[in-house]
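Here is a walk through how the helices of one chain sit against each other, plus a closer look at a few single residues. Keep the viewer open while you read.

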Amino acid sequence: MKNEGISVKTIVAIGIGAAVFVILGRFIVIPTGFPDTNIETTYPFLALLSVVFGPITGLLTGLIGHAIKDFTMYGSAWWSWVVCSGLIGFYYGWIGKKINLSSGQFSFKNIVFFNVAQVVGNIVCWAIITPILDILIYSEPTNKVFTQGILSATLDIIAVGIIGTILLKAYAATQIKKGSLKKD
């Protein structure tokens, strides 16, 4: 009988990932001037972690990291955004299953696939789901939350497209190519 639980490696990745998410989200952001909307370094990191360790790691890292960040910054979590951080982490992990970084390459084809997919995911999460949840949960003004969502989606697309691609390319370069080691 095979044990299908979460591995120790996954639990460690989630713990470390959530901690890094909190640190990046608290201290390495660039304000945009629009309320509670920043250029985030958390999502390129979440993309890397999710692609490398999978969708469950991405989901839990996004949920836990964002919730802790909100509690430490504001005293409570903004659950619509926390949920979407988990969803985008899961999505990055899911699209990561179609990319083979262990080959030692992050090919042009994979870069294009990853970036087209992350654009779609960021638009769905931040420009559609989050504003709807903000309206349903918090009765926020429609114009405000959709503007905030579209701005966040745009900024995350750019951050993940640039920083995330660089991180994935750098990670792939650290992987040993199959057949590159020969026995003497």
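Leaving aside neighbours within four places in sequence, L167 is in contact (heavy atoms within 4.5 Å) with P44, F45 and L48. L167 lies in helix α6; helices here are DSSP runs of H or I with at least four residues, numbered from the N terminus. One of those partners, L48, is 119 residues away from L167 in sequence, yet the two C-alpha atoms are 6.5 Å apart. L167 is partly exposed, at 29% relative accessible area. On that scale, buried means under 20%, exposed means over 50%, and partly exposed is in between (1.4 Å probe, protein chains only).

Before going further, a word on where this comes from: it is a predicted model, in which local features need pLDDT of at least 70 and side-chain atom pairs count only at pLDDT 80 or more, while totals for chains, interfaces and linings use all residues. Residues are numbered from 1 along each chain as its sequence is written, and side-chain values use heavy atoms, with hydrogens and water left out.

**Helix against helix**

Now for the helix pairs. Axes are lines fitted to C-alpha atoms, for helices over the stretch in contact, and angles between N-to-C directions run from 0 to 180 degrees.

| Helix pair | Axes come within | Crossing angle, roughly |
|---|---|---|
| α1 (residues 8-27) and α2 | 9 Å | 170° |
| α2 (residues 42-53) and α3 (residues 55-74) | 7 Å | 150° |
| α3 and α4 | 7 Å | 155° |

Start with α1 and α2: the crossing makes them roughly antiparallel, a label for angles over 145 degrees (under 35 is roughly parallel, 65 to 115 roughly perpendicular, and the rest oblique). On the α1 side, K9, A13, G17, V20, F21, L24 and G25 take part, and they meet T42, Y43, F45, L46, L49 and F53 in α2. By class, this contact has nine nonpolar, three polar and one charged residues. Nonpolar covers Ala, Val, Leu, Ile, Met, Phe, Trp, Tyr, Cys and Pro; charged covers Asp, Glu, Lys and Arg; the others, Gly among them, are polar.

Next along, α2 and α3 are roughly antiparallel to each other as well. Their crossing is right-handed, meaning that the near helix is turned clockwise from the far one by less than a right angle (anticlockwise would be left-handed). From α2 come Y43, L46, L49, S50 and F53, which meet P55, T57, G58, T61, G62 and H66 in α3. Here the tally is five nonpolar, six polar and no charged residues.

Then there is α3 with α4, again roughly antiparallel and with a right-handed crossing. The α3 residues in this contact include P55, L59, L63, H66, D70 and F71, and those of α4 include W79, W81, V83, F90 and W94. It has 13 nonpolar, seven polar and one charged residues.

**The nonpolar core**

Which residues touch the most other members of the largest nonpolar core? Y43, Y92, F114 and W126 do, out of 23 residues. Such a core is a set of buried Ala, Val, Leu, Ile, Met, Phe, Trp, Tyr and Cys residues joined through side-chain atoms within 4.5 Å. The elements that give it two or more residues are α2, α4 (79-96), α5 (108-138) and α6 (142-173). Take F114 as an example: beyond four places in sequence, F114 contacts A47, V51, I95, I99, F106, V160, T165 and L168.

**Residues worth a click**

Is D156 in helix α6 buried or exposed? D156 counts as buried, at 3% relative accessibility. Beyond four places in sequence, D156 touches E40, Y43, Q118, N122, W126 and G161. E40 is 116 residues away from D156 in sequence, with the C-alpha atoms 6.8 Å apart.

I123 sits in α5 and is partly exposed, at 38%. Again skipping residues up to four places away, I123 touches I128, A153 and I157. I123 and S152 are 29 residues apart in sequence and 8.9 Å apart, C-alpha to C-alpha.

Finally, look at the loop between α5 and α6, where S139 is placed. S139 is not a glycine, yet has a positive phi of about 55°. S139 counts as exposed, with 61% relative accessibility.
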